[in-house]
Amino acid sequence: MAIISVINGPNLNMLGTREPGIYGSQTLKDIENSLLQLAHQHGHDLLFYQSNAEHDLVNNVQQSRQNEVAVILLNPAAFTHTSVALRDALLACDTPFIELHLSNVHARESFRQHSYFSDIAKGVICGFGPKSYELALLAALPLIEKTPRD
Ligand code: DQA
């Protein structure tokens with residue numbers, strides 16, 4: 001059993017009503033519930049965290065080691081395109097992570113096409129709506145086997 005941390009950035013607490021044409025109609029709670037079922041099927045547990053505040057996300061990432069998190073699934077939301085602080089926190093905690101997005105950021109405005117995370121992530125998943133979270137979890141499984149914590 002490993003612990004996987006699922007971290008969501010700003011405005012993702014608004015899923016369900018936020019621009020449903022882009023982000024779909026599922027709430028963050030809906031997404032978390034299906035993800036938890038999938039994680040349990042594979043014998044793992046999830047820690048969920050969402051914040052609109054950059055410093056709280058940094059603090060949460062910094063706690064990954066003491067929480068014995070094996071892998072992080074991260075949707076940095078708008079901080080994808082702006083946050084050196086969150087990038088540095090991920091480098092400092094050295095826990096492998098997968099970057100994910102509901103929308104296909106490469107098919108959107110040009111400012112969404114640069115990420116401060118993609119080059120240091122194990123991989124990037126985007127464009128599959130809520131399924132992006134499930135795909136990220138499935139992609140995390142072999143990483144867990146390769147990075148056991150003692
Ligand atoms: C997002 C894409 C970002 O560009 C945007 O700022 C978000 C959500 C996504 O999941 O598609 O808030 O990360």
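This is a short tour of the ligand and its pocket in a predicted model. Local features need pLDDT of at least 70 and side-chain atom pairs count only at pLDDT 80 or more, while totals for chains, interfaces and linings use all residues. Residues are numbered from 1 along each chain as its sequence is written, and side-chain values use heavy atoms, with hydrogens and water left out.

Select the ligand, then the residues around it (a heavy atom within 4 Å). These are Arg 18, Tyr 23, Asn 75, Ala 77, Ala 78, His 81, His 101, Leu 102, Ser 103, Val 105 and Arg 112. By class, this shell has five nonpolar, four polar and two charged residues.

Next, show the side chain of Ser 103: a polar atom there lies 2.6 Å from a ligand oxygen. In the side chain of His 81, an N or O atom is 2.7 Å from an oxygen of the ligand. For the side chain of Arg 18, the corresponding distance to a ligand oxygen is 3.0 Å. The protein buries 99% of the 320 Å² that the ligand exposes when taken alone (Shrake-Rupley method, 1.4 Å probe).

Now hide the ligand and look at the space it takes, which is the largest pocket. That pocket holds about 160 Å³ of space. Among its 15 lining residues, select Arg 18, Tyr 23, Ala 77, Ala 78 and Arg 112, the closest to its centre. Colour the lining by class to find seven nonpolar, five polar and three charged residues.

Terms used: Polar contact = N/O pair within 3.5 Å; in protein donor to acceptor, adjacent residues only side chain to side chain. 1 Å grid on protein atoms, 1.4 Å probe; cavity = no way out; pocket = protein on both sides within 12 Å on 5 of 7 lines; lining within 4 Å. Sits in = over half its atoms within 2 Å of the grid points. Nonpolar A, V, L, I, M, F, W, Y, C, P; charged D, E, K, R; others polar. Points joined across faces, edges and corners; volume = space filled by probe spheres on them.
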